[in-house]
Structure formats: structure tokens, C-alpha cells
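Colleague: I am new to this structure and would like to learn how to read it. Please take me through a few features, with the general idea and then the case.

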Amino acid sequence: MISSVSNPQVKNVIHLNQKARARREQGLFTAEGTKMFLEAPDRLVEKVYVSESLAKDEKLMDRVGRFSHETVTDPVFRQMSDTMTPQGILTVLKKPSYKIEDILNTPAPLVMVLEDIQDPGNAGTIIRTGEGAGVSGIILTHTSVDVFNPKVIRATMGSIYRIPFLYVEDVVSLKQTLKERRIRSYAAHLKGSAFYDKENYTGGTAFFIGNEGNGLTEAAAEAADCLIRIPMCGRVESLNAAMAAGILMYEAARQRRR
């Protein structure tokens, strides 16, 4: 049983929680909680850490026993955890890797393109909502938040294991690729001349979603085939990025169910 915060394994888990560079260099990330452990693909699981208290759960430990694992004293586990109320289990996983073909090589792809999204909760919520709406994948610009940030991972509620995602240099660099695949792109923009629910998303579709504070860059907006907007009442100018993305994804899902 690990009983010291000075243990190299404990230090490394804390490092993985806190540093994107450590996650990149080691090709690993962490996921806390029972749900995240139970839904993790076996091929990705590197190691599992269980608190002394939770280790009394025999049913859970039967599954934990299939992997390399360590029991950790409760005080040390609290130090390893990135949450205020640790659930007592933390999984270290190999980072999955995807290619553009994994996202676009499907009939009538539905793709979310995120430019400079910074809030971990927004990114995770978009990934989770994307799975519910049936998106083909998520593409992020390299200036966006690290999807392996523990806060993003928690917000995905397991969808991170099932939705392909990819980082690109910028939105403009995607324009030709989308055109070649006959994927029509729509930018959520305050200057949009068309309401979002008046367009047809039954064919290949990509939605561009911009930074929480600044929206899409001018270059990204110009790269889109069409500027669309979500009508607003009152004095509201724009919606939260994840909320706007959800509205667009589910409109596309609604049209595709017809």
C-alpha cells in the first residue's frame, strides 16, 4: 500500500493532473471516478489507483484486479485527486490517437470545429453532447484547451473514450479538406444572415464554434460556407459556447431523424 505523498508514482499522477506537457511527453492522462474507470477501454488502461476505503468494495476490486493497480491510503489519495470530493479511484490511461479519416470517412459527417475554446467545462460538455447528438468527431485548433485536462475529462462523462478528436493548426487550414469531402461548413456568428434552423444539415456538415469571449476570428468566419445565428430575445447578444454548440448539433440530429 502506498502511504507517502513522496512516492514517485503519487508525484507522477499529480504531475499528470497539473501539467499538459507531462501528459504529452508520457502519452498518458488521468480519469477520476468509478464511472470513468468502468467505461474505460481495456486497451487504454495503464494503471489504477484505489483508496484504502474503496478497496473494501469487492465487486469493484474484481474488475480492478484485471489491471496493474495500487492501493493508496485515504490521505495520500486526496493529495493525488484533482477533485474536492474524491471518489476513491483514479485511472491512468494511454492517450488515444486519431486521424482526420477517423472523423470524416463516414456517410454525411457531422463535425464540430472548435476555435480557441479555453474553458475545460465547455470543451468537455461539447464532447459529451456531441456523442448524444451523433457527431462524427471533434476538431480543435491547437490554441484550444487540452482535452486531456482532468476538468475536460470529467465534463465528458466518458464520451472522451468514444468520440474521435483531432487538433489542427487553424480553422482556415481545414477549408480545402472539408470542400474535398463535400462537407458544408457553418459558422455560428453574430453577423449571420440566416437563422440556424433554416439551413439543411442532412448532408456533410461542419459547425464552427469560436472562443468564449471573442467568438470566431475573422479568418475562420470567412472560411465558412455560411454564417448562421441563433435568434436572441431580450438584451442577450450571444450564448455560452457549449450551449450554442448543443443547439446546432441537436438541430442537425433532428433533421437527420426525419
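Modeller: Start with one residue: Lys47 has a relative accessibility of 17%, so it counts as buried. The terms are cut as follows: buried is under 20% relative accessible area, exposed is over 50%, and partly exposed is in between, with a 1.4 Å probe and protein chains only. The model is predicted, so local features need pLDDT of at least 70 and side-chain atom pairs pLDDT 80 or more, while totals for chains, interfaces and linings use all residues. Residues are numbered from 1 along each chain as its sequence is written, and side-chain values use heavy atoms, leaving out hydrogens and water.

Colleague: With which residue does Lys47 form a salt bridge?

Modeller: Side chains of opposite charge can pair when their charged atoms come close. Here the partner of Lys47 is Glu70, with 3.4 Å between the closest N and O atoms. The rule for a salt bridge is a side-chain nitrogen of Lys or Arg within 4 Å of a carboxyl oxygen of Asp or Glu. Lys47 belongs to strand E2 and Glu70 to strand E3 (residues 69-72), so the pair ties together parts 23 residues apart in sequence. Glu70 is partly exposed at 22%. Another group, Lys35, Glu39, Glu131 and Arg162, is joined into one network by salt bridges that share partners. Helices (H or I, at least four residues) and strands (E, at least two) are DSSP runs numbered from the N terminus.

Colleague: How many salt bridges does the rule give?

Modeller: The count is eleven. One of them joins Arg63 and Asp42, whose closest N and O atoms are 3.3 Å apart. Arg63 sits in helix H4 (residues 58-64) and Asp42 in the loop between helix H3 (34-39) and strand E2 (45-51), so this pair links distant parts of the chain, 21 residues apart. Arg63 is buried at 18%, whereas Asp42 is partly exposed at 37%. Lys94 and Glu46 also meet in a salt bridge, 3.3 Å from N to O. Lys94 is in strand E4 (residues 89-94) and Glu46 in strand E2, so parts 48 residues apart in sequence are tied together. Lys94 is partly exposed at 33%, and Glu46 is partly exposed at 38%.

Colleague: Now the sheet. In what order do the seven strands lie?

Modeller: Strands of a sheet pair through backbone hydrogen bonds, either parallel or antiparallel. In this open sheet the order is E7-E6-E5-E10-E8-E11-E9, with parallel pairing. Strand E7 (165-168) and strand E9 (194-195) are the edges, each pairing on one side only. Two strands pair if DSSP finds at least two bridges between them. Four bridges join strand E5 (residues 110-114) to strand E6 (residues 137-141) in the parallel sense. Val113 has Ile139 of E6 as its bridge partner, and Leu114 has Leu140.

Colleague: Is E6 enclosed or open on its faces, and which residues lie on each side?

Modeller: Both faces are covered: Gly137, Ile139 and Thr141 are buried on one side, and Ile138 and Leu140 are buried on the other. Five of the five residues of E6 are buried, so the strand is largely enclosed by the rest of the structure.

Colleague: Where do the side chains of E11 point?

Modeller: In a regular strand the side chains alternate between the two faces of the sheet. Cys226 and Ile228 of E11 point to one face and are buried, while Leu227 and Arg229 point to the other and are not. E11 pairs with E8 over three parallel bridges, where Ala187 stands opposite Leu227. E11 is also joined to E9 by two bridges, running parallel, and Ala194 stands opposite Ile228.

Colleague: Which helix lies across E5?

Modeller: Helix H11 (residues 241-257) lies across E5, strand E8 (184-188), strand E10 (205-209) and strand E11 (226-229), at about 165 degrees to E10. Axes are lines fitted to C-alpha atoms, for helices over the stretch in contact (heavy atoms within 4.5 Å), and angles run from 0 to 180 degrees between N-to-C directions. Met243 is in helix H11 and is partly exposed at 48%.

Colleague: And what is the contact rule like for a single residue?

Modeller: Take Asn17, in helix H1 (residues 8-18), which is buried at 8%. Leaving aside neighbours within four places in sequence, Asn17 is in contact with Arg23, Thr30, Met80, Ser81, Asp82, Leu90 and Pro150.
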